[in-house]
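Visitor: I am new to this structure and should like to know how the words used for it are justified. May I put some questions to you?

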Amino acid sequence: VEKHRWWKESVIYQIYPASFLDSNGDGWGDIAGITSKLDYLKELGIDIIWVSPIYKSPQADMGYDISDYKDIDPMYGTLGEVDNLISELKKRDMRLMMDLVVNHTSDQHAWFLESRSSVQNPKRDWYIWKKPKFDADGNRQPPNNWSMILGEMNSAWTWDEKSGEYYLSLFTAEQPDLNWENPEVRAAVHDVLRFWLDRGASGFRMDVINLISKVPSYPDAEIVDPVHTYQPGFRYYANGPRLHEYLREINKEVLSKYDTITVGEMPFVRDDEEILKVVGAEAGELNMIFIFELVDIDNVPGSFRMTWYDWDASAIRDCVNRWQRLMIERDGWNSVFCENHDNPRSVSRYTDDSDEYRDLGAKLLCLMQTTLSGTIYVYQGEELGMRNVPPSWDPEEYKDIESINYWKKTLSMYPHKEKKQSEARRILQRKARDHARTPVQWTSEAPNAGFSSPSAKPWMRVNDDYPVVNAAAQLVQSNPDELSVFQFWQRGLANRKKHKDVFVYGDFALVGEESNQVFAYKRWSADSEVWLVVLNFTGKEVEWSVPEDLEVGGWMAGNYSAGKVEKETKGKIVLKPWEGLLGECG
Ligand code: TEU
């Protein structure tokens, strides 16, 4: 693995600005709120913050629908406040990553308003417009059967009555896809990148960047779900024919002239060779990607998010193992993450978020992430072990456009079917994006947990558990024998940096028998000791045999203890529920 790259060793913290910290009491988080917490983040061990979109936006999809790439939405602040944020970051030797959303714009972006205004407009071709099709009965139909990603039962095409054509809108009707085939569009995007790099940003998280090239014939998708009219079409727009050309062009025109970090969000693609074209050391495209294997672990394969699929530790193990190999054996690079703003809370999803196990579960996941190769991304609140919203919340509390579309559609399709409705409720309780979007719980202060002033009404309801789960409680070490989740992350990140030859750049191998309960691996480098990580991904006591060829000198850390762990180092050991161990081997 190619060493000594700052973007490989850095730890990134994702901020979902609406829910991070509200400094002016309007119920929405803001840039000044972010700036006021930089010391907190520095203390945690963060080097870079990635801020989800703060540009001007009608907020149909919480800022992932941008109407001006070069201005800030007033609800978040001003360009001057971003400049101030950047200089405060620099003082602390930290950096800023912007969220670049250029597969689509808002339908209120000036480019789209022009494009929509008439078939002759010079910007018509900046978006993807197509004539309708007609069925045997003469009814108007969209150009193909692709379904919408954030409203999976609808068509991905939106009808424009005025010009008599459809435009492609893969995510929602308010997010028309840009036409990257048009060189003017690409030049306009390059210009946006330069604007932010010149202002002092250090790089970009690139939203669904692998969807920018579509198969030009726009074929119908195969039917995977006969109940619905529209079908997932990602075969025809994920890693499409010109993707690599476009990415290399971004590099040549812009990135190569700056010292940047780039991470491309890359859903729907699993092919190793295809991935290495993007993130291989010599690829010249992106530093790393977000691959969805781990966060899609509970989706029905081939489907979108609003489905449920059972999984166990072997699925985590296979996925992690594959990724560690791709990095280490083939000199690729990648990101390590369990959470973001599009997924439920990891402690609720991969472990047990009951009062008894929440703390242990969050630490188990921390132990795993901080001991894997890849650039680490911590999502706001993950360092506190924040959990999903309680099942008792009514679907009306959910604010995300995807959840709202899903719930409305369920009610309209099954108005009298209680069973269908409760199934849908159950899916929302497990999978909705809202779970990660509740306000960060800073203190135990009622009623807004320090996110906003007590008299404000937060844009989204605060999780009921804030009196127990909050940052203030976790920053103080009340009991020397016990670490909070925050402190456990702090230690994990520090240990990773101290031993970066092992944990960032080192070798990786699975350890022990194949198991659907325990996931164990070892890490080492040319001139280091071997480290052993053992993770019990069940809520039961499990017996595990230390392999005979591993001489474990001692267990240096574990999620049940603040210091050295007293446990056998040879033969059969008993792992407690959700126990994770880090051992040093001779
Ligand atoms: O998400 C892209 C995306 O494809 C997934 O979140 C998708 O919804 C999921 O895989 C379906 O199973 C990005 C942003 O992170 C998200 O917040 C935006 O809504 C979306 O793009 C559109 O910009």
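Guide: What follows is a conversation about a predicted model.

Visitor: Why is leucine 360 called buried?

Guide: Leucine 360 has 25 other C-beta atoms within 10 Å. A residue counts as buried at 20 or more, so leucine 360 is called buried. Leucine 360 lies in helix 11. Leaving aside neighbours within four places in sequence, its contacts are Asn559, Tyr560 and Trp578. Its C-alpha atom is 57 Å from that of glycine 164, and 196 residues separate the two along the chain.

Visitor: Why is glutamate 548 called exposed?

Guide: Around glutamate 548 there are 8 other C-beta atoms within 10 Å. The word exposed applies at 12 or fewer, and therefore glutamate 548 is exposed. Glutamate 548 belongs to the loop between strand 21 (542-545) and strand 22. Between its C-alpha atom and that of tryptophan 50 the separation is 44 Å, with their positions 498 residues apart along the chain.

Visitor: What makes arginine 325 partly exposed?

Guide: Arginine 325 has 15 other C-beta atoms within 10 Å. That value lies between the limit of 12 or fewer for exposed and that of 20 or more for buried, so arginine 325 is partly exposed. Arginine 325 is found in helix 9. From C-alpha to C-alpha, arginine 325 and phenylalanine 508 are 7.6 Å apart, although 183 residues apart in sequence. Helix 9 (residues 313-328) itself lies across strand 18 and strand 19 (518-524), and runs at about 150 degrees to strand 18.

Visitor: Why are strand 18 and strand 22 said to stand at the edges?

Guide: Both belong to an open sheet of five strands in the order 18-19-20-24-22, where the pairing is antiparallel. Strand 18 (507-510) and strand 22 (552-558) each have a single partner strand, so one side of each has no neighbour in the sheet. From one strand to the next, the twist averages 25 degrees.

Visitor: How do you know that strand 22 and strand 24 pair?

Guide: Five bridges join strand 22 to strand 24 (residues 580-585), and the two run antiparallel. Pairing requires at least two bridges, so these strands count as a pair. Tryptophan 555, for example, stands opposite glycine 583 in strand 24.

Visitor: What is the order of the open sheet of eight strands?

Guide: The order is 15-14-13-5-2-1-17-16, and the pairing is parallel. The edge strands are strand 15 (288-290) and strand 16 (335-336), each pairing on one side only.

Visitor: What makes strand 16 and strand 17 a pair?

Guide: Two bridges join strand 16 to strand 17 (residues 375-379), which run parallel. At least two are needed, so strand 16 and strand 17 satisfy the requirement. The bridge partner of valine 336 in strand 17 is isoleucine 376.

Visitor: Which strands pair with strand 2 in this sheet?

Guide: Strand 1 (residues 11-15) is joined to strand 2 by four bridges and runs parallel to it; here tyrosine 13 has isoleucine 49 as its bridge partner. Strand 5 (residues 95-100) also pairs with strand 2 in the parallel sense over four bridges, and valine 51 stands opposite methionine 98.

Visitor: How do you know that both faces of strand 2 are covered?

Guide: Ile48 and Trp50 on one side of strand 2 (residues 48-51), and Ile49 and Val51 on the other, are all buried. In a regular strand, side chains alternate between the two faces of the sheet. In strand 13 (residues 203-206), Gly203 and Arg205 point one way and Phe204 and Met206 the other way, and all are buried.

Visitor: Which residues have the most contacts inside the largest nonpolar core?

Guide: They are Ile49, Met97, Ile289, Val533, Val534 and Leu535, in a core of 160 residues. Helix 11 (residues 358-370) gives the largest share of this core, seven residues. Beyond four places in sequence, methionine 97 touches residues including Ile12, Ile48, Ile49, Trp50 and Phe204.

Visitor: How do the residues of the shell around the ligand divide?

Guide: The shell holds nine nonpolar residues, one polar and five charged. Of the 15 residues around the ligand, those that come nearest are Tyr64, Pro267, Phe304, Arg305 and Asp342. Arg and Asp count as charged, so Arg305 and Asp342 belong to the charged group.

Notes:
Residues are numbered from 1 along each chain as its sequence is written. This is a predicted model: local features need pLDDT of at least 70, side-chain atom pairs count only at pLDDT 80 or more; totals for chains, interfaces and linings use all residues. A residue is near a molecule or strand if its C-beta atom, placed from the backbone, lies within 6 Å of it. Axes are lines fitted to C-alpha atoms, for helices over the stretch in contact, and angles run from 0 to 180 degrees between N-to-C directions. Two residues are in contact if their C-beta atoms, placed from the backbone, lie within 7 Å. A nonpolar core is a set of buried Ala, Val, Leu, Ile, Met, Phe, Trp, Tyr and Cys residues joined through C-beta atoms within 7 Å.
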